[in-house]
Amino acid sequence: MAILETSNLVKTFGGLTAVSKFDIYLNEGELIGLIGPNGAGKTTAFNMLTGVYRPSSGSIKLMGESIVGQKPYEITQKGIARTFQNIRLFKDLTVVDNVKIAYHQNVKYGVATGILQTKQYVDEEAEIQQKAVALLKIFNLDHKKNELSKNLPYGEQRRLEIARALATNPKVLLLDEPAAGMNPQETHDLMEMIRWIRDQFKLTILLIEHDMSLVMNVCERIYVLDYGKIIAHGCPEDIRTNPKVIEAYLGEEVDLSAEN
Amino acid sequence: MNKKKLIFITGAVAVGVVVQLLISSGVINPYFAQILTLMSMYAILATSLNLINGITGQFSLGHAGFMALGGYFSAILTTKLALPLPNFLMFPLSLLFGGLVAAAAGFLVGLPTLRLRGDYLAIATLGLGEIIRVMFVNWKYVGAAAGMKGIPGYTNFLWTYVIAVFSILIIVNFIKSSHGRACISIREDEIAAETMGINTTKYKVMAFVIGAFFAGVAGGIFGHLIRLLHPNSFTFMVSVEILLMVVLGGLGSITGSIAAAVFLTGLTEALRQFSDLRMIIYSLMLIVIMLFRPQGLLGTREFSLDMFSKFTKKAEKAER
């Protein structure tokens, strides 16, 4: 059964139809790519899935339950986490605080308990700290836990953003161009990491990406979006040879034989 | 953690006891005692505004309005409805009442206005402060434009100091809790905060309500200190004065707010004979801070004992 499924999703801005007939499904544990040329509507689709935009029509179902019209924080609490194309860390906070904020939705103590600093507060705070550090350790960031996140190098900021998204305990993780601005070596490491995260955290991942090698190598299925419509869907091999995709996205300049 | 808390509490108690003893024995004359009382009151106002402006990052200019609400409503309780209660019960009760009225107003106003961002919120809260003031100008029951007279002078240094210490403790503990972190995340990046599962509207309103509550309490202290409430005591300039304390101390730094509140209250008194120059000096100070230290004296950091130990460590290294 599909964990996340959209049908006939449409988003119009005034007279402009940014996304139409957006039908995708994500089965549990899959790693799916969403590609398309600039302005194809990929990020708009992401914003609908995460509640930033309300779809003009159509449905989004997370584990069979409609999430259309819910606020972004409600959707996060239901189990969809995301990262951003342009990194959005809490820049002036420490690395560990960035992660601790993501644990907030699971905090049980109330405001009064927090003010009185009872035993429940102390215990829960200690637990959050411990969990956050453990998560940072997985991403090899624990030795920098008390540094301000804006002082991290670019690659580590990307890693921290993914770690922070995972701290919300998602079922589905949406990554918006995680390899943007990375060199080939970093992209390669990222690929490994994404696959590893999926297995380790038993996630379903939807990935927007421009970097062809990343998408082709790591994704099990790929959707291709052009002018707001899904024009192709299938395994990387099919996408690679699909004439529509080549026309819309890859063009003649991409040397396909070099990829193989 | 616990050691720090212990140091803070002993320090706070020691300062309170010593100053109170000096006042009782007459070493500190009533004039200075009143200045110390005002300093404590402004510390409450500055920290509570810092919770809204500095911690949660919502630019509010309506603090004088909440102060007025608290001041008038607590005075109504002590002056108009003279309940048969001893003073030591009546006063805190009236302050609590004033704070709750201000908090309720903060909730009602916060829900719609906190959807606005930046400049728009500043303008909306500025308007709110003026609406509250004009309401008191026209409300005959509390003396309208002539002001409300005959308020009992319950406020003294000890009361104000103790309430200030507790207010600051509550605000600091709130900030340190996960709920406070949620507020800080809104300041840092509202969109990212929402994506982390934080109900941003809820926490903005929460910070606004807590801030309004303590502004109301401070208003009650003010009314029972001056013993006369006049709508002109709560003009827009009062909000600006409190804001200046927050900006001077550093948006997001509670210790900075307290230090700035003490410093600026002292400065106001020192410059009383040059009252025309006062606002010029204030403005110049603000310009200089914005030019050379836009994050305020302490930025978002807190003044702590660790700072000393870091400083001494650095000095030790330098010596080697």
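Colleague: Quick one to start: how many residues of chain B are in contact with chain A, and how many of chain A with chain B?
Modeller: On the chain B side there are 21 residues, and they are in contact with 25 residues of chain A. Keep in mind that this is a predicted model.

Colleague: Which helices of chain B each supply at least two residues of the side that touches chain A?
Modeller: Those are α6 (157-176), α7 (178-188) and α8 (190-195) of chain B.

Colleague: And which one gives the most?
Modeller: That's α7(B), with seven residues on the side of chain B that touches chain A.

Colleague: What sort of residues make up that side of chain B, by class?
Modeller: It's a mix: eight nonpolar, nine polar and four charged.

Colleague: What scores does the predictor give the complex?
Modeller: The ipTM is 0.87 and the pTM is 0.89.

Colleague: OK, chain B by itself now. How many helices and strands does chain B have?
Modeller: Chain B has 13 helices and zero strands. Reading along its sequence, you just get α-α-α-α-α-α-α-α-α-α-α-α-α.

Colleague: Why call chain B as compact as a globular protein of its length?
Modeller: Its radius of gyration is 20 Å, and the globule rule gives 20 Å for 320 residues, so chain B is as compact as a globular protein of that length. If you want a box around the C-alpha atoms of chain B, think roughly 70 × 55 × 40 Å along the principal axes.

Colleague: Let's look at two helices. At what angle do α3 and α4 of chain B pack?
Modeller: Helix α3 (residues 63-80) and helix α4 (residues 87-113) of chain B pack at about 140°, and their axes are 7 Å apart. That angle makes α3(B) oblique to α4(B).

Colleague: Is that crossing right-handed or left-handed?
Modeller: Right-handed, as α3(B) passes α4(B).

Colleague: Which residues meet there?
Modeller: From α3(B), they include B:Phe66, B:Leu69, B:Gly70 and B:Phe73. On the α4(B) side, among them are B:Met90, B:Phe97, B:Gly98 and B:Val101. By class, the contact of α3(B) with α4(B) has 10 nonpolar, eight polar and no charged residues.

Colleague: Switching to chain A: how many helices and strands there?
Modeller: Chain A has 11 helices and 11 strands.

Colleague: What's its radius of gyration, and what would a compact globule have?
Modeller: Chain A has 19 Å, which agrees with the value near 18 Å for a compact globule of 260 residues. The box for the C-alpha atoms of chain A is roughly 65 × 40 × 35 Å along the principal axes.

Colleague: Got a helix pair in chain A too? How do α3 and α5 of chain A cross?
Modeller: The axes of α3 (residues 95-102) and α5 (residues 119-138) of chain A come within 9 Å and cross at roughly 115°. The crossing of α3(A) and α5(A) is right-handed.

Colleague: Which residues meet in that one?
Modeller: A:Val95, A:Val96, A:Val99 and A:Lys100 in α3(A) meet A:Ile128, A:Ala132, A:Val133, A:Leu135 and A:Leu136 in α5(A). That gives eight nonpolar, no polar and one charged.

Colleague: Last topic: what's the mean pLDDT of each chain?
Modeller: Chain B averages 89, with 94% of the residues scoring at least 70. The mean for chain A is 89, and 95% of its residues reach 70 or more.

Colleague: Where in chain A is confidence lowest, and where highest?
Modeller: Lowest is helix α11 (residues 256-259) of chain A, at a mean of 54, and highest is α3(A), at 95. Where pLDDT is low, the predicted coordinates should not be read in detail.

Technical notes. Residues numbered from 1 in each chain as written. Chains lettered and ligands numbered in written order. Predicted model: local features only at pLDDT ≥ 70, side-chain atom pairs only at ≥ 80, totals over all residues. Contact = placed C-beta atoms within 7 Å. Helix = DSSP H or I, 4+ residues; strand = E, 2+ residues; numbered from the N terminus. Nonpolar A, V, L, I, M, F, W, Y, C, P; charged D, E, K, R; others polar. Axes fitted to C-alpha atoms, helices over the stretch in contact; angles between N-to-C directions. Parallel < 35°, antiparallel > 145°, perpendicular 65-115°, else oblique. Left-handed = near helix turned anticlockwise from the far one by under 90°. pLDDT = per-residue confidence, 0-100. Rg over C-alpha atoms; globule rule 2.2 N^0.38 Å.
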